[in-house]
Number of protein chains: 2
Amino acid sequence: MPTTALKLQTTDRVRGIAAALEEEIVLGWLMPRERLVEEDLAERLEVKRHVVREALAELERVGLIERVPNRGAFVKLLDPTEVRQIYSVREALETLAAEQIPMPAPARLLSQLEEIQGAHSAAVASGDARAAFRANMSFHEALFAACGNPHLVELIQAMAQKVHGARSITAASAEHLALARDEHLGMIEAIRAGDRPRLVALCRQHLGPSRDAYIAAVEPRFARSKSVGG
Amino acid sequence: MPTTALKLQTTDRVRGIAAALEEEIVLGWLMPRERLVEEDLAERLEVKRHVVREALAELERVGLIERVPNRGAFVKLLDPTEVRQIYSVREALETLAAEQIPMPAPARLLSQLEEIQGAHSAAVASGDARAAFRANMSFHEALFAACGNPHLVELIQAMAQKVHGARSITAASAEHLALARDEHLGMIEAIRAGDRPRLVALCRQHLGPSRDAYIAAVEPRFARSKSVGG
DNA sequence: GTCGCCATGATTGTCAACAATTCTGTTGAA
DNA sequence: TTCAACAGAATTGTTGACAATCATGGCGAC
């Protein structure tokens with residue numbers, strides 16, 4: 001039996017590797033267009049190549065990377081049009097979910113959100129981007145799970161995942177993290193006050209910054225490449 | 001070089017196998033709870049086991065089958081609660097898409113839908129369940145693609161896929177197929193007339209029958225198993 | 001007669017070697 | 001100098017064998 005990690009089931013290991021790669025993409029360690037070489041990843045993540053292979057297949061299905069036959073996998077570079085479309089769908093889905101959250105909300109939900117947000121705020125304060133990312137994910141999952149429809153939640157998460165590749169810009173930015181924290185706190189307050197319109201408005205607002213930051217950063221590059229002929 | 005089929009890229013082959021299995025599930029050849037043995041499938045579909053493995057992973061992701069480690073894959077049996085939740089999300093998504101279809105619709109769209117519906121009607125008339133299923137898929141894809149947001153379309157298709165396992169009841173029923181045909185024709189008419197409310201209403205209506213048929217067929221079984229203790 | 005334990009078989013999970021493909025750098029000629 | 005062809009390296013795709021795991025059925029103990 002290994003000392004540090006106990007043996008996981010294969011499916012879980014694949015999920016774990018996929019999640020690890022996803023984090024590296026979100027945090028900007030793996031940049032768009034960067035090539036993902038199976039054997040290198042296998043060595044770095046201390047796992048066999050075929051496990052990496054499966055993880056890459058999963059990330060491809062999710063839409064975070066692209067794979068071309070016999071040429072390998074690349075972190076997908078999202079073009080602004082795509083990002084806009086995805087965010088438009090996210091807005092619809094998250095609004096839909098927010099409108100179904102029971103009001104007044106059960107005390108259980110509030111305390112759960114507060115606990116998660118405590119972790120998030122701490123991560124933001126200490127500048128731990130990875131911890132902030134994870135806490136952020138937990139927050140949204142817990143929030144939307146309250147809508148009562150797990151399949152809707154799944155969709156929301158899937159769409160969020162799709163633009164993870166576009167989040168490296170904001171994921172490590174102190175200002176954006178602080179803004180996200182404040183908006184989370186606002187959502188908790190809105191739920192506590194039973195103010196659904198405010199909650200919905202906050203959810204919608206919450207999506208804007210990372211979308212706009214990415215588009216602002218990438219749009220000119222795309223506009224140029226399009227006119228030049230890429 | 002093989003005589004019948006030329007060599008495909010691996011990714012396409014996986015997709016093909018997954019699609020084939022999906023059809024078999026929809027058409028009721030593979031029943032819920034039925035076990036899917038990798039080696040058997042590999043032999044039957046004339047591919048190597050590891051291709052089947054990837055296809056199963058894809059179907060698991062989509063939600064059509066379940067896999068438990070070291071025990072294999074099973075066709076997922078959807079419980080009525082789940083089906084209701086999925087259909088509720090489908091209704092929201094398809095309504096959203098239908099509301100974004102440009103009106104008046106381009107002539108291109110109408111002729112495309114009419115062509116597809118021609119194939120669908122023919123399949124219904126001749127009782128070819130498989131062809132009807134395929135034409136039905138095409139129809140909805142073409143219809144919702146007109147909303148202009150490919151990511152929304154993808155979501156709609158994903159949710160439709162999730163309940164494919166619940167469709168074997170209606171997929172081969174002459175009455176249901178005829179009803180679907182008539183509703184499709186109604187949608188085309190609504191689009192031609194530029195009558196958006198009618199189109200939206202028809203889309204919503206269109207979801208009902210297969211959901212209700214499945215729930216009616218399965219609900220008592222679940223109610224019993226729940227009270228007995230499953 | 002029933003319960004629990006172990007041997008056996010069926011199936012999934014893991015692996016490393018091999019084959020096929022694409023990329024890179026070099027050479028030689030126009 | 002530029003271009004094309006070629007050889008070699010790097011990387012992905014494929015395969016069959018092997019190991020680990022779980023269900024099944026028989027055997028003995030109580």
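A:Pro104 lies in the loop that connects helix 4 (80–100) and helix 5 (107–126) of chain A; helices (H or I, at least four residues) and strands (E, at least two) are DSSP runs, numbered from the N terminus. The peptide bond leading from A:Met103 into A:Pro104 is cis, with omega near 0 degrees. In chain B, B:Pro104 is placed in the loop between helix 4 (80–100) and helix 5, and a cis peptide bond with omega of about 0 degrees joins B:Met103 to B:Pro104.

The structure is a predicted model, in which local features need pLDDT of at least 70 and side-chain atom pairs count only at pLDDT 80 or more, while totals for chains, interfaces and linings use all residues. Residues are numbered from 1 along each chain as its sequence is written, chains are lettered from A and ligands numbered from 1 in the order in which they are written, and side-chain values use heavy atoms, with hydrogens and water left out.

A further backbone feature concerns A:Asn70, which has a positive phi of about 65 degrees although it is not a glycine. A:Asn70 sits in the loop between strand 2 (65–68) and strand 3 (72–75) of chain A. With a relative accessible area of 81%, A:Asn70 is exposed (buried means under 20% relative accessible area, exposed over 50%, partly exposed in between, with a 1.4 Å probe and protein chains only). In chain B, phi of B:Asn70 is near 65 degrees, again a positive value in a residue other than glycine. B:Asn70 belongs to the loop between strand 2 (65–68) and strand 3 (72–75) of chain B, and counts as exposed at 76% relative accessibility.

The surroundings of DNA strand D comprise 16 residues, of which the closest are A:Arg49, A:Arg53, B:Arg13, B:Lys48 and B:Arg71; a residue is near a molecule or strand if one of its heavy atoms lies within 4 Å of it. These surface residues divide into three nonpolar, five polar and eight charged (Ala, Val, Leu, Ile, Met, Phe, Trp, Tyr, Cys and Pro count as nonpolar, Asp, Glu, Lys and Arg as charged, and the others, Gly among them, as polar). At least two residues of this surface come from each of strand 1 (35–36) and helix 3 (49–62) of chain A and helix 1 (10–26) of chain B. Sugar or phosphate accounts for 81% of the atoms of DNA strand D within 4 Å of the protein, and bases for the rest.

Polar contacts are pairs of N or O atoms within 3.5 Å; within protein, one must be able to donate a hydrogen and the other to accept it, and residues adjacent in sequence count only if both atoms are side-chain atoms. An N or O atom in the side chain of A:Arg35 is 3.3 Å from a sugar or linking oxygen of DNA strand D. A polar backbone atom of A:Leu36 is 3.4 Å from a phosphate oxygen of the strand, and a backbone N or O atom of A:Asn70 lies 3.3 Å from a phosphate oxygen.

The 20 residues of helix 5 (residues 107–126) of chain B should span 28 Å at 1.5 Å a residue, which agrees with the 29 Å between its end C-alpha atoms; the expected span is 1.5 Å times one less than the number of residues. Buried residues of this helix include B:Leu109, B:Leu113, B:Ile116, B:His120 and B:Val124. The buried residues cover an arc of only 155 degrees around the axis, which puts them on the same side of helix 5 of chain B; the arc is that of the directions from the helix axis to the C-beta atoms. An α-helix has 3.6 residues a turn, so residues three or four places apart point the same way. The face turned away from the buried side carries the exposed residues B:Ala107, B:Arg108, B:Glu115, B:Ala125 and B:Ser126. Helix 6 (129–145) and helix 9 (174–193) of chain B are among the elements that cover the buried residues. Just after helix 5, B:Gly127 takes a positive phi of about 70 degrees.

At the start of helix 6 of chain B, a side-chain oxygen of B:Asp128 comes within 3.2 Å of the backbone nitrogen of B:Arg130. The buried residues of helix 6 include B:Phe133, B:Asn136 and B:His140. B:Glu23, in helix 1 of chain B, counts as buried at 9% relative accessibility. Leaving aside neighbours within four places in sequence, B:Glu23 is in contact (heavy atoms within 4.5 Å) with B:Arg130, B:Phe133 and B:Arg134.
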